[in-house]
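Here are a few exercises to work through with the model open in your viewer. Try each task on your own before you read its solution.

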Amino acid sequence: MDSSDDEGEEYLFKVVIIGDSAVGKSNLLSRYARDEFNLHSKSTIGVEFQTQTLEIDGKEVKAQIWDTAGQERFRAVTSAYYRGAFGALVVYDITRRTTFESIPRWLDELKTHSDTTVARMLVGNKCDLGDIRAVTVEEGKSLAEAEGLFFMETSALDSTNVKQAFEIVIREIYNNISRKVLNSDSFKEEVSVNRVSLVSNGPDGSKQQKQGYSCCSR
Ligand code: GTP
Ligand code: MG
């Protein structure tokens with residue numbers, strides 16, 4: 001890539017959403033892509049995707065975000081789903097512990113089928129249901145740190161952190177690729193640093209970058 005000649009350059013990144021059934025994968029995507037939420041959404045069958053465009057460093061970056069069924073019997077051919085993915089949201093439901101316990105299995109599957117460095121975000125969804133929480137923020141954060149993932153709690157219902165979760169992953173992919181191009185030798189080393197990141201909503205609703213992690217207040 002010639003950096004002196006990259007104006008108007010476009011990027012298209014594939015991002016996959018994975019996690020057990022009913023953790024809210026489809027609603028996270030519909031909230032992000034269309035600002036829609038469905039309280040009675042049906043289990044996904046097969047694969048769907050939506051494309052979102054954002055601007056990074058003055059460049060048009062398109063993210064093609066893929067959503068599939070958490071239920072094994074409804075899933076499309078697994079390797080095709082992961083092929084070419086540069087980013088992943090790995091989602092559990094903070095009110096159902098079994099969905100958190102499944103995360104290592106989803107990470108293994110992602111690792112088995114991906115062919116490149118994947119920017120990964122652990123997402124604890126349904127943080128609007130803090131009253132019936134079954135997984136603490138600390139547990140989510142620890143797992144993310146141990147596995148080298150970003151971490152965020154989200155709510156597709158009230159929109160908390162949804163845009164942030166997707167956009168951190170998309171920006172990380174973009175950064176990985178820029179760095180790869182700039183200096184391929186140090187690429188691996190650089191991306192292994194500072195993987196747990198941190199964006200949260202300030203008290204006034206403003207976005208704040210900070211050390212730590214992001215979660216709902218409830
Ligand atoms: P599969 O397609 O079967 O893998 O499920 P999924 O992970 O796509 O889950 P889906 O988005 O269909 O949501 C499952 C249920 O959880 C639906 O009833 C949603 O309305 C609900 N839900 C999703 N996100 C949230 C959330 O952030 N908060 C609350 N309270 N409910 C949510
Ligand atoms: Mg679904």
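## Exercise 1: The sheet

The model here is a predicted one. Six strands make up an open sheet with mixed pairing, ordered β2-β3-β1-β4-β5-β6.

**Task.** Find the edge strands of this sheet, then describe how β5 and β6 are joined.

**Solution.**
1. Look for strands that pair on one side only: these are β2 and β6, the edge strands.
2. Now go to β5 and β6, which run parallel and are joined by four bridges.
3. For a concrete pair, take Val-123, whose bridge partner in β6 is Met-152.
4. To finish, check the twist: ignoring direction, neighbouring strands of the sheet are turned by 25° against each other on average.

## Exercise 2: A helix on the sheet

**Task.** Work out which strands helix α5 lies across, and at what angle it runs to β6.

**Solution.**
1. Select residues 137-147, which form α5.
2. This helix lies across β4, β5 and β6.
3. Relative to β6, helix α5 runs at about 160°.

## Exercise 3: The nonpolar cores

**Task.** Determine which element supplies the largest share of the largest nonpolar core.

**Solution.**
1. Start with the core itself: it has 31 residues, and those with the most contacts inside it are Phe-13, Ile-65, Leu-89, Met-121, Phe-166 and Ile-170.
2. List the elements that each supply at least two of its residues: β1, α1, β2, β3, β4, β5, β6 and α6.
3. The largest share, nine residues, comes from α6.
4. Zoom in on Phe-13: leaving aside residues up to four places away in sequence, its contacts include Val-61, Ala-63, Ile-170, Ile-173 and Ile-177.
5. Do not stop there, as a second, separate core has 24 residues, among them Ile-18, Phe-100, Trp-106 and Leu-143.

## Exercise 4: The magnesium ion

**Task.** Identify the residues that coordinate the magnesium ion (ligand 2), and decide whether each is buried, partly exposed or exposed.

**Solution.**
1. The coordinating atoms are OG of Ser-26 and OG1 of Thr-44, at 2.0 to 2.1 Å.
2. Ser-26 belongs to helix α1 and Thr-44 to the loop between α1 and β2, so this pair ties together parts 18 residues apart in sequence.
3. Buried means under 20% relative accessible area, and exposed means over 50%.
4. Ser-26 has a relative accessibility of 24%, so it counts as partly exposed.
5. Thr-44 has a relative accessible area of 11%, so it is buried.

## Exercise 5: The whole chain

**Task.** Find what percentage of the protein chain is buried.

**Solution.**
1. The chain holds seven helices and eight strands.
2. Of its 218 residues, 52% are buried.

Key: Residues are numbered from 1 along each chain as its sequence is written. Chains are lettered from A and ligands numbered from 1 in the order in which they are written. This is a predicted model: local features need pLDDT of at least 70, side-chain atom pairs count only at pLDDT 80 or more; totals for chains, interfaces and linings use all residues. Side-chain values use heavy atoms; hydrogens and water are left out. Buried means under 20% relative accessible area, exposed over 50%, partly exposed in between (1.4 Å probe, protein chains only). A nonpolar core is a set of buried Ala, Val, Leu, Ile, Met, Phe, Trp, Tyr and Cys residues joined through side-chain atoms within 4.5 Å. Contact means heavy atoms within 4.5 Å. Donors are N, O and S atoms within 2.8 Å of the metal (3.2 Å for Na, K and Ca); water is not among the atoms, so sites may look incomplete. Two strands pair if DSSP finds at least two bridges between them. Axes are lines fitted to C-alpha atoms, for helices over the stretch in contact, and angles run from 0 to 180 degrees between N-to-C directions.
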